[in-house]
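Hi,

Here is the structure I promised to pass on. Have a look at it first, and then read on for what turned up.

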Amino acid sequence: MTERQNAADNSTKSFQGLRVLDFSTTIAGPHCTRMLADMGAEVIKIESAEGETMRTRPPLRSQCSTVFGQLNIGKNSLVLDLKSPAGIEVVRRLIAGTDVLVENFRPGVMRRLKLDYGSLQQLNPKLIYCSISGYGQTGPSAELPAYAPVIHAASGYEMAHLAYQPGRSRPDYCGIYHADVLTGVYAFGAISAALYQRHGTQRGQHIDVSMLESMLSLTLNELQWSQFEVKPTQSMMKVIGHPEWVSDPRFAAYADRRDHWADLMDGVEAWSCAVTTKQCLVALNAEGVPSSAYRTVAQALDDPQIAHRGALTEVEDGGGTFKVLNLPFRMSGAGVSAAKRMATLGEHTIAYLRETGLSEDEIAAFTGKRLVAAPG
């Protein structure tokens, strides 16, 4: 039985019955709430009438972004004008039945809207309120603008990575947003812990997640190597035919290997160029040396292991079908999978407005004629 078949047997999802208000945009927050949605939570994505900016991120098919879909599949779409008193009142009415709120505005924005934790906690003491920001909610850097590449630089991550690139004097620009994805995962973990704690206390809490500190967690080796010298195993020296290099003063200590990394890699490549990729991997794996050929993302997704795990699933939006990643874990007693369909902008607005108690006339006045929403 493949992992996909096994997952299909788990119809119950861990967060079934959980309601989440999602004010987040771009990547970090939406990645977190997409995880909650995959695990069964009802995630209500709050958007302006124009829609979140990621809706225009290519690739686009019939004006539908698959990148936006990857981050927001399985969420319901509620269009509100948060600059209007009426929009704020709708949020306050929904809070009573909300378990989790996620936002990633710059610190101070939700306070100005009177939608901060202190204001909403009075309406729902069980509310778990998660704030994601570049540097945290307080402190001298709290209100600085931030996005992933800036945090990569500020955390020391880029310079730590540069130290592994002999001959390079400046970091490369990285368009893969590690900080966003990692911070979203930390937020998901913190929310899960807060939900568990709430079972005992019957009270919610505020979660403050920092992108800067999330990225610093990736430099844990550098933190420790700056304090203590550690000699890792050197099984690779035996494989490439140079066991004497284990005691070579150029390579014996970690700091020395870094200083002579080019010499070491020249020796490794002299061996690897004389064998096939398959032979190289077989020899290294036989000695327990972690190794992989460099692959493109497309090649990685074509790995039979990915198919076995059911890591990709096909979903649908207004532009057709496309594939997204499922969450990278499986549970023996619960289903973990993406929804099959992407909501259209504002699709659930009328249903949620009805839930708050607005009359049909009030709803018509509230929405105007800009929205095409499904009946409630």
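Is Phe188 buried or exposed? It is a predicted model, so take what follows in that light. Phe188 is buried, with a relative accessible area of 9%. Its ring comes up again further down, but let me start with the sheet.

**The sheet**

Six strands make up an open, parallel sheet, and their order is E5-E2-E1-E6-E7-E8. The edges belong to strand E5 (76-79) and strand E8 (205-210); each has a single partner strand, so one side of each has no neighbour in the sheet. From one strand to the next, the twist averages 20°.

Strand E1 is a good place to begin browsing. Arg19 and Leu21 point one way from E1, Val20 and Asp22 point the other way, and all are buried. On one hand E1 pairs with strand E2 (residues 42-47), parallel and over four bridges, with Arg19 standing opposite Glu42 in E2. Between those two strands the chain crosses through helix H2 (residues 28-38), and this β-α-β crossover is right-handed. E1 also pairs with E6, again in the parallel sense, over three bridges; here the bridge partner of Asp22 is Val102 in E6.

Follow Val102 and you get to the next strand: its bridge partner in E7 is Cys130. Strand E6 (residues 100-103) and strand E7 (residues 128-133) are a parallel pair with four bridges.

One helix to look at against the sheet is H4 (residues 85-95), which lies across strand E1 (19-22), E5 and E6 and runs at about 155° to E1.

**Aromatic pairs**

The count here comes to two aromatic pairs. One of them is Phe15 with Phe188, edge-to-face, at 6.3 Å centre to centre and with 70° between the planes. Phe15 sits in the loop between helix H1 (3-8) and E1, while Phe188 is in helix H9 (residues 178-201), so the pair ties together parts that are 173 residues apart in sequence. Phe15 counts as buried too, at 15% relative accessibility.

Then there are Tyr117 and Tyr129: the ring centres are 5.9 Å apart and the planes are at 70°, so this pair is edge-to-face. Tyr117 belongs to helix H6 (residues 117-121) and Tyr129 to strand E7, twelve residues apart. Tyr117 and Tyr129 are both buried.

**Salt bridges**

How many salt bridges does a search of the whole structure find? Twelve. Three of them are worth pulling up on screen.

- Arg55 and Glu47 meet through their side chains at 2.8 Å, N to O, and both residues are buried.
- Arg61 and Asp317 form a salt bridge whose closest N and O atoms are 2.8 Å apart. Arg61 lies in strand E3 (residues 60-61) and Asp317 in strand E9 (residues 312-317), so this pair ties together parts 256 residues apart in sequence. Asp317 counts as buried, at 9% relative accessibility.
- Arg93 and Glu89 form a salt bridge with 3.3 Å between the closest N and O atoms. Both are in helix H4, four residues apart, or about one turn of the helix. Arg93 counts as partly exposed at 39% relative accessibility, and Glu89 counts as partly exposed at 36%.

Finally, back to a residue from the sheet: Arg19, Glu42 and Glu355 are joined into one network by salt bridges that share partners.

Cheers

How values were computed: Residues numbered from 1 in each chain as written. Predicted model: local features only at pLDDT ≥ 70, side-chain atom pairs only at ≥ 80, totals over all residues. Heavy atoms only, no water. Pairing = 2+ DSSP bridges. Axes fitted to C-alpha atoms, helices over the stretch in contact; angles between N-to-C directions. Contact = heavy atoms within 4.5 Å. Phe/Tyr/Trp six-rings, centres within 6.5 Å; stacked < 30°, edge-to-face > 60°. Buried < 20%, exposed > 50% of the residue type's maximum accessible area, 1.4 Å probe, protein only. Right-handed = clockwise from strand over helix to strand, strands pointing away. Salt bridge = Lys/Arg side-chain N within 4 Å of Asp/Glu carboxyl O.
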